[in-house]
Amino acid sequence: SDIITMAENTSMDGYQESDHWLGSAWLTAGERGALIFTGTKALGESWYGFANGVVWDYECAEQNNCPDYPEWPYDDRGFWAEEYQAQIIFFSPDQLAAVARGEIATFQPQPYAVLNLNPYLLAPELDFANYKRDLVAAAAFDRESGLLYVIERLADEYRSVIHVWRVN
C-alpha cells in the first residue's frame, strides 16, 4: 500500500496554507485539454492566527501566552495572508497521464498557466463581516457548448453570481 507523505518539496510551486482551491473542471477544445482548479490564492506573507494579522503560535497554550481573540469579524482562527487573488490554475493532461503511468511522482505536475480572475469579478475582495473568505468556488464545464461556469461567492451582497467563459 502507498503511504501519503508531505514535505515542502512536494508542494505545488507557490502554495501557501491560506490558499483555497474549491473548484475544478476538465476543459477540452478540439484536441487540446487542461485540468483546471479555481480558487482564492494567498499572496504576500502568510500566517496562522487571525485575519487582522494577529499570529497564533502553536506553543502558546503550553507557554500560557496566547494572544487575545480579536473582536468580530476577525475572530476566526486559521491560515491568513496579506492579499488574495481569485485564480484559475491550469495543469497539463500529459503530466497527469505520466503520473498514472508511474513515470513521474504524484507531486511533480505543476500549473503551466495562471489566470487572474480579479479583473472579471464584481467584488474581488474578502468581506469578513459577511463571511466571505473565498472569492470564487465551484467550476463546471459544458463540453458540448464549450462554456466554463465559475461561481463568484457573495458578489452582490449575500448573492453569488456565475461567470461564464467560452473555451476555444
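Select S46 first: this residue is partly exposed, with a relative accessible area of 29%. It is placed in that class because its value falls between the limits of 20% for buried and 50% for exposed. The model on display is predicted.

Next, display the strand that holds S46, namely β2, which covers residues 32–49. Keep S46 selected and add Q16, S18, W80 and A81, with which S46 is in contact when its neighbours within four places in sequence are set aside. Which of these side chains make polar contacts with the side chain of S46? The side chain of Q16 does so at 3.2 Å, and a polar contact of 3.0 Å joins the side chains of S46 and S18.

Now select E82. Although E82 lies 36 residues from S46 in sequence, the two C-alpha atoms are 6.6 Å apart in space.

Move then to helix α2, residues 93–100, and select S92 together with D94. S92 caps the N-terminal end of α2, with a side-chain oxygen 3.1 Å from the backbone nitrogen of D94. After α2, select G102, whose phi is positive, near 80°.

Finally, show the whole protein. How many helices and strands does the protein have? There are two helices and seven strands, and along the sequence they follow the pattern β-β-α-β-α-β-β-β-β. The C-alpha trace spans about 60 × 45 × 25 Å along its principal axes. Of the 168 residues, 36% count as buried. Among contacts with a separation of 6 or more, 55% are accounted for by residues 24 or more positions apart. With the charged residues coloured, note that the mean positions of the 10 positive and 26 negative charges are 10 Å apart.

Technical notes:
Residues are numbered from 1 along each chain as its sequence is written. This is a predicted model: local features need pLDDT of at least 70, side-chain atom pairs count only at pLDDT 80 or more; totals for chains, interfaces and linings use all residues. Side-chain values use heavy atoms; hydrogens and water are left out. Helices (H or I, at least four residues) and strands (E, at least two) are DSSP runs, numbered from the N terminus. Buried means under 20% relative accessible area, exposed over 50%, partly exposed in between (1.4 Å probe, protein chains only). Contact means heavy atoms within 4.5 Å. A polar contact is a pair of N or O atoms within 3.5 Å; within protein, one must be able to donate a hydrogen and the other to accept it, and residues adjacent in sequence count only if both atoms are side-chain atoms. Lys and Arg count as positive and Asp and Glu as negative; His and the chain ends are not counted. The place of a charge is taken as NZ of Lys, CZ of Arg, CG of Asp or CD of Glu.
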